[in-house]
Amino acid sequence: MPNKEYLYYLIKLGKLYYVTESCRHIKRKEISSYEFTNDELVAFPFDTHSIAKQTADGCGGYIVVRNATLEDYISQGERLSEYIGYKEKNIWKLYNVK
């Protein structure tokens, strides 16, 4: 089963890849913050197309489909976790105020 092909989705905005999103409420306004990196190896791997689409629509990005083994998909998630935990990164933030 580890060698079976596995489909997952990344979100791209220009040359940047989606990493994470946070949401806050300040003075009755919702502020969403989207973080991006230029390193595909640490991008957030979505396993559900509809959630990836919803997130891409929210940040103005588009979906990139990747086909890999389940082991590669798990490795993508592990690299992302280490990247977020370490906090030494080239990050770009996009803010959306509603």
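Let's start with a term: a residue counts as buried when its relative accessible area is under 20%, exposed when that area is over 50%, and partly exposed in between (1.4 Å probe, protein chains only). By that yardstick, buried residues make up 33% of the 98 residues here. This is a predicted model, where local features need pLDDT of at least 70, side-chain atom pairs count only at pLDDT 80 or more, and totals for chains, interfaces and linings use all residues. Residues are numbered from 1 along each chain as its sequence is written, and side-chain values use heavy atoms, with hydrogens and water left out.

**Overall layout**
- The protein has 2 helices and 5 strands, taken as DSSP runs (helices are H or I, at least four residues; strands are E, at least two) and numbered from the N terminus.
- Going along the sequence, you'll meet them in the order β-β-β-α-β-α-β.
- Take the contacts (heavy atoms within 4.5 Å) between residues at least 6 apart in sequence: 73% of them join residues at least 24 apart.

**The cores**
- A nonpolar core here is a set of buried Ala, Val, Leu, Ile, Met, Phe, Trp, Tyr and Cys residues joined through side-chain atoms within 4.5 Å.
- The largest one has 10 residues: Tyr9, Ile11, Leu16, Tyr18, Tyr34, Phe36, Phe46, Ala52, Ala56 and Cys59.
- β1 (5-13), β2 (16-26), β3 and α1 each chip in at least two residues, and α1 gives the most, with 3.
- A second, separate core of 7 residues includes Tyr17, Ala43, Ala68 and Tyr73.
- Leaving out residues up to four places away in sequence, Tyr18 touches Ile11, Tyr34, Glu35, Phe36, Ala43, Phe44, Phe46 and Thr55.

**Helix α1, two faces**
- α1 spans residues 49-59, and its buried residues include Ala52, Thr55, Ala56 and Cys59.
- These four cover an arc of only 100° around the axis, so they sit on the same side of α1; the arc is that of the directions from the helix axis to the C-beta atoms.
- As a rule, an α-helix has 3.6 residues a turn, so residues three or four places apart point the same way.
- Turned away from the buried side is a face carrying the exposed residues Gln54 and Asp57.
- Just after α1 comes Gly60, with a positive phi of about 85°.

**Thr37, at the end of β3**
- Strand β3 covers residues 29-37, with Thr37 in it.
- Thr37 is buried, at a relative accessible area of 1%.
- The Thr37 side chain reaches the backbone nitrogen of Asp39 at 3.3 Å.

Conventions: Polar contact = N/O pair within 3.5 Å; in protein donor to acceptor, adjacent residues only side chain to side chain.
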